[in-house]
Amino acid sequence: MKKLLAGLFLSVLVLALAACGAGNKDEAGSTSGDKTDDSAKTEEKVTLKIGASNTPHAVILEQAKPILAKEGIDLEIETYQDYVLPNQDLDSKTIDANYFQHIPYLELQIKDNGYDFVNAGGVHIEPIGIYSKKYKTLEDLPKGATILLSNSVSDHGRMLSLLEAKGLIKLKDGIDKTAAEIKDIVDNPKDFKFDANTAPELLVQMFENEEGDAVLINSNYAIDNGLNPIEDAIALEDKESPYVNIIAVRAGDENKPEIKKLLEVLKSKEIQDFILKEWKGAVVPVK
């Protein structure tokens, strides 16, 4: 009888331990498996918040968004209507990067505001254009015509260089033309008057209101307001312009994998083909 009771007790104990072990194993396996999966998903998913002008920058980023999603990068796009807030928000870490400005503008912003930013890479060029409601060609511009420019000093060198390239003015020899100012004009055969008091985002409105005789407008604002630079401008900047639109980041962030992947996608053939097809030369991708 004692042997029988001992055997029964041993059997029950073994079964209890086995059940306990199986339960612990299943529970531990399930919990640990869930944690591993969730952790892997968290590690794979990266959110990248980037500030951009509406057109063409945000449009281009929207095309890149699904491609980046496949690479584990969730791209959040914050759009801006001006040239000041995107850099302020990048500095305050509200966004991780911005895409709206060219190199001379970035350099001026760093100089004026002490931003610790770097150029992570160039994406495209937007040729600046000369527009007029009153005249169909540059040759038609009369003596004493008023030319409206942006009040953004970083745009002046670019705009004046375009006017010089088209034979309308001559700039002082030996200067850095990207930093040229109105005072650097040494020859003005038609005695043009230059008005540089308009914010860049309002130049299209000035053109539509027939203010001045000709208006120089950045292509992103022109396109954003329904103008086609190739068809509507009476003259357009050469496609080899040095004013490349870039991805700007805080110093050190240019080496982050998600920033490098962003540039890789934006320079891909798929995105470059989209840019050429969408804007037909009004926006030109860079290699």
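This passage walks through an open sheet, a crossover and one buried glutamine in a predicted model. Residues are numbered from 1 along each chain as its sequence is written, and local features need pLDDT of at least 70, while side-chain atom pairs count only at pLDDT 80 or more and totals for chains, interfaces and linings use all residues. Side-chain values use heavy atoms, with hydrogens and water left out.

The open sheet has 6 strands in the order E2-E1-E3-E12-E4-E13, with mixed pairing. Helices (H or I, at least four residues) and strands (E, at least two) are DSSP runs numbered from the N terminus, and two strands pair if DSSP finds at least two bridges between them. E2 and strand E13 (284-285) form the edges, each pairing on one side only.

Parallel pairing over 8 bridges links strand E1 (residues 46-53) with strand E2 (residues 73-80), where Thr 47 stands opposite Asp 74. From E1 the chain passes through helix H2 (residues 54-70) to E2 in a right-handed β-α-β crossover (clockwise from the first strand over the helix to the second, with the strands pointing away from the viewer). Strand E3 (residues 97-102), by contrast, pairs with strand E12 (residues 244-250) in the antiparallel sense over 3 bridges; His 102 has Asn 245 in E12 as its bridge partner.

Helix H4 (residues 103-113) holds Gln 109. H4 lies across E3, strand E4 (117-125) and E12, at about 110° to E3 (axes are lines fitted to C-alpha atoms, for helices over the stretch in contact, with angles from 0 to 180 degrees between N-to-C directions). Gln 109 counts as buried because its relative accessibility is 10% (buried is under 20% relative accessible area, exposed over 50%, partly exposed in between, with a 1.4 Å probe and protein chains only). Leaving aside residues up to four places away in sequence, Gln 109 touches Asn 87, Gln 101, Gly 114 and Tyr 115 (contact means heavy atoms within 4.5 Å).
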